[in-house]
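Hello,

Here is the structure I said I would pass on. Please open it first, then read the notes below it.

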Amino acid sequence: MTTLAAAVMEARSRFSEAELADAGIEARLLLAGLLKLSPTEVFVGGDRVLTEEEEALIEVAIGRRLKREPVHRILGSREFHGMDLLISRETLEPRPDTEVLVDAMIPHLRRIVMDKGSARILDLGTGTGAILLALLKEIPAASGVGTDISEDALATAQRNAERLGLGDRFGTLRSRWFDNVSERFDIIVSNPPYIRSDVIPRLDPEVRNFDPLAALDGGPDGLYPYRDIAADAARFLEPEGLIGVEIGFDQQLAVTEIFTSAEFIVAQAERDYGGNDRALIFKLRNR
Ligand SMILES: C[S@@+](CC[C@H](N)C(=O)[O-])C[C@H]1O[C@@H](n2cnc3c(N)ncnc32)[C@H](O)[C@@H]1O
């Protein structure tokens, strides 16, 4: 007979032995997610006796975590901007840093909706749909399209849209950046892959072995996707439109140079909560 408290302790000590950081937090998060409890319920419900099925479920999940699979990937979903988003094999786990780009775009979308009554958004490399879905949740008069090269990601993004009740304003399109895009948009957003290829083997196993390579690898200098996007973006933006991109902490100068060498000027630069450069917004130079 195992209680919830004993199971949490056991998970915590096995995670500590394996030198996982935040072993206690991870143990509680994992068991709470598996048993569909809130973290508070895990704290106060320690006397609860687990069923055999629950014990088996927990054992499998601990084994996966010890092989360095991230907790949210084991649980199958992760919170982003107040939404619970499903994750699948070919989607990046959405990261809190990406909320910086979302929050930076919201006032611009509000202004566009005030002027025009509606707004159209294109999210290049949508993954779980995180950025576009967060914007649609905040701006009811907006609608948009999420593109990706991965069918698996597009299916997951569409499922997330339906689960959140945003399906009627959310569409998907399989496309290598703008290749299959034919409309103009008020706002384009993207969190493209931006890690240098040679850095990927040195990333934590949680990232390098579980986030899809296509979501990470930005080519030899980490900037290839920005070049592709900047080269074509003007043709798919309304004249008053804006494009917002997430960037790596050391990429602000290089990405600014790429977009300003195309037809853009910087409209806004944002840092994340750690003080790192994290998002850039550009507008067309000749508007
Ligand atoms: C860093 S992930 C971002 C996912 C999601 N937007 C987010 O912020 O959580 C980059 C995404 O771009 C997609 N991608 C990579 N190369 C692409 C390309 N050439 N065209 C379209 N999407 C691409 C990947 O499949 C992945 O879903």
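Val245 of β7 is a good place to begin: its bridge partner in β9 is Leu280. Please keep in mind that this is a predicted model.

The sheet

The pair just named belongs to a longer contact, in which β7 and strand β9 (residues 277-284) run antiparallel and are joined by five bridges. Strand β7 also pairs with strand β6 (residues 185-190), here in the parallel sense, again over five bridges. Two residue pairs let you find this contact on screen: Phe185 stands opposite Leu237 in β7, and Val189 has Gly244 of β7 as its bridge partner.

How much of β7 is covered? Seven of the ten residues in this strand (residues 237-246) are buried, so the strand counts as mostly covered.

These strands are part of an open sheet of seven, with mixed pairing and the order β5-β4-β3-β6-β7-β9-β8. Which strands stand at the edges? They are β5 (170-174) and β8 (264-271); each has a single partner strand, so one side of each has no neighbour in the sheet. On average, neighbouring strands of the sheet are turned by 20° against each other, if direction is ignored.

The helices

Two packed helices are described by the angle between their axes and the distance between the axes. For helix α11 (residues 224-232) and helix α12 (residues 252-261), the angle is about 25° and the axes are 9 Å apart. Angles under 35 degrees count as roughly parallel, which is why α11 is described as roughly parallel to α12. The crossing of α11 past α12 is right-handed.

Helix α7 is mostly covered, with seven of its nine residues buried. The buried residues in α7 are Ala130, Ile131, Leu132, Leu133, Ala134, Leu135 and Leu136.

The ligand

Which residues come nearest to the ligand? Of the 22 residues around the ligand, they are Pro94, Gly125, Gly127, Asn191 and Ala215. Three elements give two or more residues to this shell: α7 (130-138), β4 (142-148) and α10 (213-216). Helix α7 therefore appears twice in these notes, as a mostly covered helix and as a contributor to the shell around the ligand.

By residue type, the shell divides into twelve nonpolar, eight polar and two charged residues. Glycine is counted as polar here, which applies to Gly125 and Gly127 in the list of nearest residues.

Regards

Technical notes
Residues numbered from 1 in each chain as written. Predicted model: local features only at pLDDT ≥ 70, side-chain atom pairs only at ≥ 80, totals over all residues. Near = placed C-beta within 6 Å. Helix = DSSP H or I, 4+ residues; strand = E, 2+ residues; numbered from the N terminus. Buried ≥ 20, exposed ≤ 12 C-beta atoms within 10 Å, placed from the backbone. Pairing = 2+ DSSP bridges. Axes fitted to C-alpha atoms, helices over the stretch in contact; angles between N-to-C directions. Parallel < 35°, antiparallel > 145°, perpendicular 65-115°, else oblique. Left-handed = near helix turned anticlockwise from the far one by under 90°.
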